[in-house]
Amino acid sequence: MKNADLDQIRTLRGKNIVIAASAGCGKTTAMISRIADLIVRDSVPVKRLLVLTFTKASAADMTEKLAAKLRQASPGSPFVRRQLEDLESADICTLDKFCQRVLRDYFYLCDLDPAFGELENDEKDFLQWKVIDSFYPERLEAHDPRIFALTEIQRHGRTN
């Protein structure tokens, strides 16, 4: 990304922004710059932000990079110092972790057992195959094109 693009991403307010670029183009850098700018220039508390990623490694990396950026941007600011303290409990997490937290907080609104938990991989596999086995023969006999697509995915070892 060009510096002009980064400046616009960092400073644009009042609009949603979609950053679509290939790997290594600076999306994370642009997001960290924007988040730091919201905190430093606009005094937005880090606890009011929601930053979602797809992997735990990415969430940890973003937290680390944001802390470094905040220390660099305004080292003497009491507000920024408080935000650095709040960073570890801020909502910079994976999408699934955020969804789990929402479900734990509001389980009663969707008639969910409050003791729900995430399945282990072998439990997930078992249930996945149980579901597939329950409809596969019928769909195959009906020549459902979706079953053939599923077969291709499984045949090539893909997961989606």
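1. A helix here is a DSSP run of H or I covering at least four residues, and helices are numbered from the N terminus. With that in mind, M31 can be placed in helix α2, in a model that is predicted. M31 counts as partly exposed, its relative accessibility being 29%. If residues up to four places away in sequence are not counted, M31 touches I19, V51 and M62. A separate point concerns M31 and I9, which are 22 residues apart along the chain and whose C-alpha atoms are separated by 7.8 Å.

2. I9 comes up again around I17, a residue in the loop between α1 (3-11) and α2 (27-40). Leaving aside neighbours within four places in sequence, I17 is in contact with I9, L12 and R34. Is I17 buried or partly exposed? I17 is partly exposed, with a relative accessible area of 30%, a value that lies in between the limits of under 20% for buried and over 50% for exposed. A reader following the chain further may note that I17 and K47, which are 30 residues apart in sequence, are 20 Å apart in space when taken from C-alpha to C-alpha.

3. The next topic is charge pairing. Side chains of opposite charge can pair when their charged atoms come close. The count of salt bridges in this model comes to 11. One of them is formed by D42 with R13, where the closest N and O atoms are 2.5 Å apart. This pair links distant parts of the chain, since D42 is in the loop between α2 and β1, R13 is in the loop between α1 and α2, and the two are 29 residues apart. D42 counts as partly exposed at 34% relative accessibility, and R13 is likewise partly exposed, at 26%.

4. Two further pairs deserve a look for how their partners are covered. R41 forms a salt bridge with D37, the closest N and O atoms being 3.4 Å apart; R41 counts as exposed at 51% relative accessibility, whereas D37 is buried, with a relative accessible area of 7%. The side chains of R146 and D144 also meet in a salt bridge, at 2.8 Å from N to O. Here R146 is exposed, with a relative accessible area of 62%, while D144 counts as buried at 8% relative accessibility. Turning back to the earlier pairs, R10, R13, D37, R41 and D42 are joined into one network by salt bridges that share partners.

5. What surrounds T94, a residue found in strand β2 (residues 91-94)? Not counting residues up to four places away in sequence, T94 touches L52, T53, F54, T55, K56 and A59. T94 is buried, because its relative accessible area is 6% and the cut-off for buried is under 20%. The side chain of T94 also has a polar atom that lies 3.2 Å from the backbone nitrogen of K97.

6. Among the residues that T94 touches, L52 and F54 also belong to a nonpolar patch on the surface, which is formed by L50, L52, F54 and L95 and has about 420 Å² of accessible area together. L52 has its place in strand β1 (residues 50-53). L52 is partly exposed, with a relative accessible area of 33%, whereas T94, which touches L52, is buried.

7. How many disulfides does the structure hold? The structure holds zero disulfides. For C93, the closest cysteine sulfur is in C99, and at 8.8 Å from the sulfur of C93 it is too far for a bond, because a disulfide calls for sulfur atoms within 2.5 Å. C110 is in no disulfide either, as the nearest cysteine sulfur, that of C99, is 11 Å away. The two cysteines can also be described by their accessibility: C93 counts as buried at 6% relative accessibility, while C110 is partly exposed, with a relative accessible area of 43%.

How values were computed: Residues are numbered from 1 along each chain as its sequence is written. This is a predicted model: local features need pLDDT of at least 70, side-chain atom pairs count only at pLDDT 80 or more; totals for chains, interfaces and linings use all residues. Side-chain values use heavy atoms; hydrogens and water are left out. Buried means under 20% relative accessible area, exposed over 50%, partly exposed in between (1.4 Å probe, protein chains only). A polar contact is a pair of N or O atoms within 3.5 Å; within protein, one must be able to donate a hydrogen and the other to accept it, and residues adjacent in sequence count only if both atoms are side-chain atoms. Contact means heavy atoms within 4.5 Å. Patches are made of residues with over 30% relative accessible area and no salt bridge: like charges are joined within 9 Å, nonpolar side chains (Val, Leu, Ile, Met, Phe, Trp, Tyr) within 5 Å. Accessible areas come from the Shrake-Rupley method with a 1.4 Å probe; for residues, only the protein chains shown count as cover. A salt bridge is a side-chain nitrogen of Lys or Arg within 4 Å of a carboxyl oxygen of Asp or Glu.
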